[in-house]
Amino acid sequence: FGSSSGCQASTSCRGFRTQPRPIRAAMSACEVKLFGKWSYEDVHVADLSLTDYIAVKNAHSFLPHTQGRYQKKRFRKALCPIVERLCCSMMMHGRNNGKKLMAVRIVKHAFE
């Protein structure tokens, strides 16, 4: 370290130029939107008997792909986001088995 290394203010010690990183617009950390477009604020379950089984309050995610973390314990799929359960139910009948990214893409296009 010091002046013997030959480093300048605009280059690093290996000779690569270092650029200042651009400042991104501050995103709201509390605002989660499905696919970056649709907000979860207006979604309400009117039927009292379904509120335990349709997760819309605490299950907010950007994409409906949570890698099966709601399948580890019994009855935890009730906490899974309802859009992900829709995507998982589309992955049935042979040719669609295991193609979750295709199901997510279909749901995204259907919402648009």
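Begin by selecting Leu34, Phe35, Tyr40, Val83, Cys87, Met91, Ala103, Val104 and Val107, the nine residues that together form the largest nonpolar core of this structure, which is a predicted model. With those residues displayed, add the two helices, α1 (82–90) and α2 (100–111), each of which gives at least two residues to this core. The largest share, three residues, is the contribution of α2. As background to this first stop, nonpolar side chains in soluble globular proteins tend to be buried together.

Stay with the core for a moment and pick out Tyr40, one of its members. If residues up to four places away in sequence are set aside, Tyr40 touches Val32, Lys33, Leu34, Ala59, His60 and Ser61. Leu34 in that list is itself part of the core, so it is worth keeping on screen while the others are added. 

Next, hide everything except the two helices and turn the view until both can be followed along their length. Two packed helices are described by the angle between their axes and the distance between the axes. Here α1 and α2 pack at an angle of about 120 degrees, and their axes lie 9 Å apart. Because of that angle, α1 counts as oblique to α2. The crossing of the two helices, α1 and α2, is right-handed.

To see what lies between them, select Val83, Glu84, Leu86, Cys87, Cys88 and Met90 in α1, which meet Lys100, Ala103, Val104, Ile106, Val107 and Phe111 in α2. Colouring this contact of α1 with α2 by class will show 10 nonpolar residues, two charged ones and no polar ones. Several names return from the opening selection, among them Val83 and Cys87 from the core.

Now move to Ser89, which is found in helix α1. Is Ser89 buried or exposed? With a relative accessible area of 39%, Ser89 is partly exposed, because that class covers values between 20% and 50%. Then place a distance label from the C-alpha atom of Ser89 to that of Lys100, a residue 11 places further along the chain, and the separation should read 9.8 Å.

Finally, zoom out to the whole protein chain, which has two helices and two strands. Following the chain along its sequence, one meets these elements in the pattern β-β-α-α. Of the 112 residues in the chain, 21% are buried. If contacts are drawn between residues at least 6 apart in sequence, 40% of them join residues at least 24 apart.

Notes
Residues are numbered from 1 along each chain as its sequence is written. This is a predicted model: local features need pLDDT of at least 70, side-chain atom pairs count only at pLDDT 80 or more; totals for chains, interfaces and linings use all residues. Side-chain values use heavy atoms; hydrogens and water are left out. A nonpolar core is a set of buried Ala, Val, Leu, Ile, Met, Phe, Trp, Tyr and Cys residues joined through side-chain atoms within 4.5 Å. Buried means under 20% relative accessible area, exposed over 50%, partly exposed in between (1.4 Å probe, protein chains only). Helices (H or I, at least four residues) and strands (E, at least two) are DSSP runs, numbered from the N terminus. Contact means heavy atoms within 4.5 Å. Axes are lines fitted to C-alpha atoms, for helices over the stretch in contact, and angles run from 0 to 180 degrees between N-to-C directions. Angles under 35 degrees count as roughly parallel, over 145 as roughly antiparallel, 65 to 115 as roughly perpendicular and the rest as oblique. A crossing is left-handed if the near helix is turned anticlockwise from the far one by less than a right angle, and right-handed if clockwise. Ala, Val, Leu, Ile, Met, Phe, Trp, Tyr, Cys and Pro count as nonpolar, Asp, Glu, Lys and Arg as charged, and the others, Gly among them, as polar.
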